[in-house]
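Welcome! Here are some exercises to work through with the sequence and the 3D view side by side. Try each task yourself before you read its solution.

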Amino acid sequence: MNTEIIILILGLLLFTAVMTTTLSSKLGLPSLIVFLAVGMALNSFIMFDNAFLAQLIGTIALVIILFDGGIQTTKLTVKNAISYASILATIGVLITSFIVGVATVFILDLSWKQGLLFGAIVGSTDAAAVFSILGNKQIKQKIKSILEVESGTNDPMALFLTVTMINLLTMPDASLLTSALLFVWQMVGGALLGLLIGYITVKLINFVELEATGLYPILALTLAFLTYGLSSPLKVSGLLAVYVFALYLGNHPLSYRANIIRFGESFAWMAQMTMFILLGLLVFPSHLPSIMIQGLLIAIVLMFVARPISVWLTLFWTDLSKKELTFISWAGLRGAVPIILATYALLAEVENSELIFNVVFFVVLLSALLQGMTLVPLANKLGLNKGEAHTSPYHFDMVASEVTEVDIREYLVKSGSPWANKKIHELGLPRQSNINAVVRNDKLYVPDGNFEIQTNDILYIIASKKLHLNIQKELAKLKAKKERPVK
């Protein structure tokens, strides 16, 4: 095919993917199912069997998706969820992988090592699936936070288990102790790398003067790729490093924040489309009917046995209610990560790797379809569809043709904020700043000095970057003073 035909096909693929998102929303289907279906449908017309290219593009897409998910995750979200999510992301993945692995040995008639490899591949939840399905849904914030942080941090464990099992299959003399020590370093080193480059990036973006404002989002995403690239020579987890990097950016004063978030969000959608369509192309639909029964049995074990057992065993001692544990058990969505991990087995030429890949794909389809479509109805039935807003669904920013010192930033008034129930003239804002707009219950207000601020209001303040830093510091001091216990 010549260049024009290839570009035409790419354009048609992306156009189809964009237009089908509306259909998936109306039908209640997760968008990843639609993208995978598009890829599978095109498999009859386009021959694609390059596992390495699929793995490469899938990894690049995951970096973008984790960047977008991390930068939009608030410090409060992490604080409320980290103790639960970290256990699910490590011990929970290990338990799930073991149970599924044991079942797979008997269902697919594999060796113990091959069965445990399969369990490792499907052991983690998927950030792309969780962020896209839960992103705009009204689900109790604490539960939503746990699921999002878990999906953003459990990929390293699944990758470690997958690579370890592949090494044991291809290199029988591989040391388990060495692998375990390497995993600890991967997790700790990945987090430290993300924090370090995140710190440097915030300083760089806030003080460097680029030629145009459109370059700042590109700079941020470029440094996310740099973070992942540096993880390889340091032998640390690149995916965890990128997620921590994005978390740091999202929770520190950052110039052109709205532009960076909007750019990352758009790019993440394109990455999801490309990744899932490509992974759909990698599967031959004619191969799936022969493994449907086995795939269904393994999916049942994963969704109804392994995931619930791992959640209840690791979180039963916490303050989570039975309803919350039930919902978290059902929300173990699988997506791109297991399919990408299955390509590792293909490239390593592990025995029965093609069978493993096809069954993994089938299990992911069932998980995304069944769990993705029923997640919100289950939340409604369990009464978990309520909660205070911790993020804003709006973007309100000033578009400048060149670099400027003035910026519009968003301030969400949460419960306990020192600004709540005060009039604007009582907030003590600098004279050189101005509240341009307030959004309350999806209504826009242009406030005057006597306008009273309420919890969940979203304020848009125009000021210089320096003043924004002062406002944020003063707000933090007032909050700390308000929360200080009375002696």
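**Exercise 1. A residue in a helix**

Is Val18 buried, partly exposed or exposed?

*Solution.* Keep in mind that this is a predicted model.
Step 1: find Val18, which sits in helix α1, residues 3–27.
Step 2: take its relative accessible area, 40%.
Step 3: compare that with the cut-offs, under 20% for buried and over 50% for exposed. Val18 therefore counts as partly exposed.
Step 4: look at Ser31, 13 residues away from Val18 in sequence. From C-alpha to C-alpha, the two are 9.7 Å apart in space.

**Exercise 2. Salt bridges across the chain**

Find out how many salt bridges the whole structure has, then describe the pairs Glu324–Lys140, Asp319–Lys142 and Glu150–Arg307.

*Solution.* Step 1: the search of the whole structure gives four salt bridges.

Step 2: start with Glu324 and Lys140, whose side chains meet at 2.6 Å, N to O. Glu324 belongs to helix α14 (residues 322–330) and Lys140 to the loop between α6 (127–134) and α7 (141–153), so this pair ties together parts 184 residues apart in sequence. Glu324 has a relative accessible area of 6% and is buried, while Lys140, with 30%, is partly exposed.

Step 3: go on to Asp319 and Lys142, which form a salt bridge of 3.1 Å, N to O. Because Asp319 is in the loop between α13 and α14 and Lys142 is in helix α7, the pair ties together parts 177 residues apart in sequence. Asp319 is exposed at 55% relative accessibility, and Lys142 is partly exposed at 22%.

Step 4: finish with Glu150 and Arg307, a salt bridge of 2.8 Å, N to O. Glu150 lies in helix α7 and Arg307 in helix α13, 157 residues apart, and the pair links distant parts of the chain. Here both residues are buried.

**Exercise 3. A nonpolar patch on the surface**

Which helix gives the largest share of the nonpolar patch?

*Solution.* Step 1: mark the patch on the surface, made of Ile293, Leu296, Leu297, Ile300, Phe304, Val305, Ile309, Leu313 and Leu370. Together these residues have about 770 Å² of accessible area.
Step 2: assign them to elements. Helix α13 (residues 292–315) supplies the largest share, eight residues.
Step 3: take one of them as a check. Val305 is in helix α13, and at 34% relative accessibility Val305 counts as partly exposed.

**Exercise 4. Empty space inside**

How many cavities of 30 Å³ or more are there, and which residues line the largest cavity?

*Solution.* Step 1: recall the idea. Rolling a probe the size of a water molecule over the atoms shows where empty space is left.
Step 2: the count comes to three cavities of 30 Å³ or more. The largest cavity holds about 110 Å³ of space.
Step 3: list its lining, which is Thr59, Leu62, Asp155, Leu159, Tyr228, Leu239, Val337, Ile340, Leu341 and Tyr344.
Step 4: sort the lining residues by type, which gives eight nonpolar, one polar and one charged.
Step 5: look at the elements. At least two lining residues come from each of α3 (51–71), α8 and α15, and α15 gives the most, with four.

**Exercise 5. The second largest pocket**

Describe the space and the lining of the second largest pocket.

*Solution.* Step 1: the second largest pocket contains about 560 Å³ of space.
Step 2: it has 22 lining residues, and Leu159, Val163, Leu182, Gln186 and Val236 are the closest to its centre.
Step 3: the elements giving two or more residues to this lining are α8 (155–170), α9 (176–207), α10 (215–234) and α11 (238–250). The largest share, six residues, is from α8.
Step 4: by type, the lining of this pocket has eleven nonpolar residues, ten polar and one charged.

**Exercise 6. Positive phi angles**

Where are Glu349 and Asn421 found, and what are their phi values?

*Solution.* Step 1: know what to expect. Most residues other than glycine have a negative phi.
Step 2: Glu349, not a glycine, has a positive phi of about 55 degrees. Glu349 is in the loop between α15 (336–347) and α16 (353–382) and is exposed, at 69% relative accessibility.
Step 3: Asn421 also has a positive phi, near 65 degrees. Asn421 lies in the loop between β1 (406–412) and β2 (434–440) and counts as exposed at 55% relative accessibility.

Terms used:
Residues numbered from 1 in each chain as written. Predicted model: local features only at pLDDT ≥ 70, side-chain atom pairs only at ≥ 80, totals over all residues. Heavy atoms only, no water. 1 Å grid on protein atoms, 1.4 Å probe; cavity = no way out; pocket = protein on both sides within 12 Å on 5 of 7 lines; lining within 4 Å. Points joined across faces, edges and corners; volume = space filled by probe spheres on them. Nonpolar A, V, L, I, M, F, W, Y, C, P; charged D, E, K, R; others polar. Buried < 20%, exposed > 50% of the residue type's maximum accessible area, 1.4 Å probe, protein only. Patch = residues over 30% accessible without salt bridge, like charges linked within 9 Å, V, L, I, M, F, W, Y side chains within 5 Å. Areas by Shrake-Rupley, 256 points an atom, 1.4 Å probe, with all protein chains shown as cover.
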